[in-house]
Amino acid sequence: MNFKNVVRPSVLTQPKYEAGKPIEYVAREFGLKPEDILKMASNENPLGSSPKALAAAQEASGHLNYYPDSACFYLREKLSKKLGVKGSQLVFGNGSNEILELVAHVLLNDGDEIVTGRHSFIVYKLSALLMGAKCKEVEMPDLRHDFDAMLKAITQRTKAVFIANPNNPTGTVNTQKEIYDFVRSLPEHVTFCYDEAYREFEENPVDVLPLINEGRKVIAARTFSKIYGLAGLRCGYAYCSEEFADYLNRVREPFNVNSLAQAGALAALDDEAFLLESRRINLEGRRQFKAAFEELKLEHIVEGGNFVMVKVKNALEIFTALQKVGVIVRPNVGYGLPDWLRITIGKKEQNERCLKEFSKLL
Ligand SMILES: *Cc1c(COP(=O)(O)O)cnc(C)c1O
């Protein structure tokens, strides 16, 4: 007896998300001590988490017998003020990954389509496929979003276009004008899903709220996993029209954001010092990697986000060899970029260690 005949067809062909390798796995596999391992694979914050967030989560751990607040009241109130939106325009998720999936649940029927870039965050595609929809992946010359090609890829069945800005994994950044022109030229039946996971690392990030206010079908997703250093807590959110937020809230699980995550995220928003320091070391790290790649004469993208991309001939060999010396980076085979390694920017000494080991392997 098996389940092949009874599961939904889209589940049979559904690919799995390949996560960055956890430290403990690499330690076991290569006989290393976990504390000697440097993980630069999943764009996590090398400074750890905001101490204020940790204290708040700890405090909340005294009340775990209670269900979390299904409405995320305090977080909603604070973010609504910070963003200048109504509380009812916000949706919270178990990481922004969940938000992306909720969008797919709300919009996509069997046979519908989404459009995204060929080298963009894989969760867009996974969410679409799971709903039985097709994912049209548009080529990205120079590893940048090609908005003209995206417009051409849109059909009557296209329900949504997903882009990340800065884009993951390429690290490329689009300007406000590019985004606005694109969104304003989308047909009425297409929703623009704007993923801002790395927004806080940018000096002048694009602001899509005016597009929402002028009535465009736009949803923007943010996360506490990156600059706020709370990837393990799982908290993300999105803002959009009240109407779309209401639909998203109908399909989410009632207690999708746990109490520790709500408390931690709320406190993190007040920790300006942690945010500024995270941004500062990231900018410093970008300069460090850029200088090193230039000296090594390697093609690279050091532009947006908290990670860099570098092109090498034997990326997978280097990836494996780096693990042996305790440095985990991210290969991009699954993203159609087999010659590129993505490296999360760390603290100065961490970047130095990574670059030293990396240079030896060229
Ligand atoms: C890391 C990341 C996210 C956020 O994921 P969480 O579920 O919030 O941890 C979303 N989009 C992109 C492009 C990312 O790189």
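Seven strands form an open sheet in this predicted model. Their order across the sheet is 2-8-7-6-5-3-4, and the pairing is mixed. The edges are strand 2 (90-93) and strand 4 (134-138), each of which pairs on one side only. On average, neighbouring strands of the sheet are turned by 20° against each other, direction ignored.

**Strand 6 and its partners**

- Strands of a sheet pair through backbone hydrogen bonds, either parallel or antiparallel.
- Strand 6 (residues 191-195) pairs with strand 7 (residues 218-223) in the parallel sense, over four bridges.
- Within this pairing, Cys 193 has Ile 219 of strand 7 as its bridge partner.
- Strand 5 and strand 6 also run parallel, and five bridges join them.
- One position in that pairing is Ala 160, whose bridge partner in strand 6 is Thr 191.
- Strand 6 is largely enclosed by the rest of the structure, because five of its five residues are buried.
- In a regular strand the side chains alternate between the two faces of the sheet.
- In strand 6, Thr 191, Cys 193 and Asp 195 point one way, while Phe 192 and Tyr 194 point the other way; all are buried.

**Helices on the sheet**

- The sheet and its strand order, 2-8-7-6-5-3-4, give the setting for two helices.
- Strand 6 and strand 7, which are parallel with four bridges, take part in these contacts.
- Helix 4 (residues 73-83) packs on the sheet and touches strand 2, strand 7 and strand 8 (236-239). The direction of helix 4 makes about 130° with that of strand 2.
- Helix 8 (residues 176-184) packs on the sheet as well, touching strand 5 (158-164), strand 6 and strand 7. The direction of helix 8 makes about 160° with that of strand 6.**Helices packed on helices**

- Two packed helices are described by the angle between their axes and the distance between the axes.
- The axes of helix 5 (residues 96-107) and helix 6 (residues 122-130) come within 9 Å and cross at roughly 40°.
- This crossing of helix 5 and helix 6 is right-handed.
- On the helix 5 side, the contact is made by Asn 97, Leu 100, Glu 101 and Ala 104. On the helix 6 side, Val 123, Tyr 124, Ser 127, Ala 128 and Leu 130 meet them.
- The residues of this contact divide into six nonpolar, two polar and one charged.
- Helix 11 (residues 259-268) is mostly covered, with eight of its ten residues buried.
- The buried residues of helix 11 are Ser 259, Ala 261, Gln 262, Ala 263, Gly 264, Ala 265, Ala 267 and Ala 268.
- These buried residues pack against helix 3 (51-60) and helix 4.

**Cysteines**

- The count of disulfides in the model is zero.
- Cys 135 is not bonded to Cys 193, because the two sulfurs are 12 Å apart, too far for a bond; Cys 193 holds the closest cysteine sulfur to that of Cys 135.
- Cys 240 also has its closest cysteine sulfur in Cys 193, at 9.7 Å, which is too far for a bond.
- For comparison with these distances, a disulfide needs two cysteine sulfur atoms within 2.5 Å.
- Cys 135 is buried, with a relative accessible area of 17%.
- Cys 240 is buried, with a relative accessible area of 1%.

**Single residues: buried or exposed**

- Asn 351 lies in helix 14 (residues 348-360). Asn 351 is buried, and its relative accessible area is 0%.
- Not counting residues up to four places away in sequence, Asn 351 touches Met 40, Gly 285, Gln 288, Phe 289, Ile 345 and Gly 346.
- Met 309 belongs to strand 10 (residues 307-311). Met 309 is buried, with a relative accessible area of 0%.
- Leaving aside neighbours within four places in sequence, Met 309 is in contact with residues including Pro 169, Phe 293, His 300, Leu 337 and Trp 340.
- Met 309 and Pro 166 are 143 residues apart in sequence, and their C-alpha atoms are 13 Å apart in space.
- Gly 215 is in the loop between helix 9 (209-213) and strand 7. Gly 215 is exposed, with a relative accessible area of 61%.
- The C-alpha atoms of Gly 215 and His 300 are separated by 38 Å, and the two residues are 85 residues apart along the chain.

Definitions and conventions:
Residues numbered from 1 in each chain as written. Predicted model: local features only at pLDDT ≥ 70, side-chain atom pairs only at ≥ 80, totals over all residues. Heavy atoms only, no water. Axes fitted to C-alpha atoms, helices over the stretch in contact; angles between N-to-C directions. Left-handed = near helix turned anticlockwise from the far one by under 90°. Contact = heavy atoms within 4.5 Å. Nonpolar A, V, L, I, M, F, W, Y, C, P; charged D, E, K, R; others polar. Pairing = 2+ DSSP bridges. Buried < 20%, exposed > 50% of the residue type's maximum accessible area, 1.4 Å probe, protein only.
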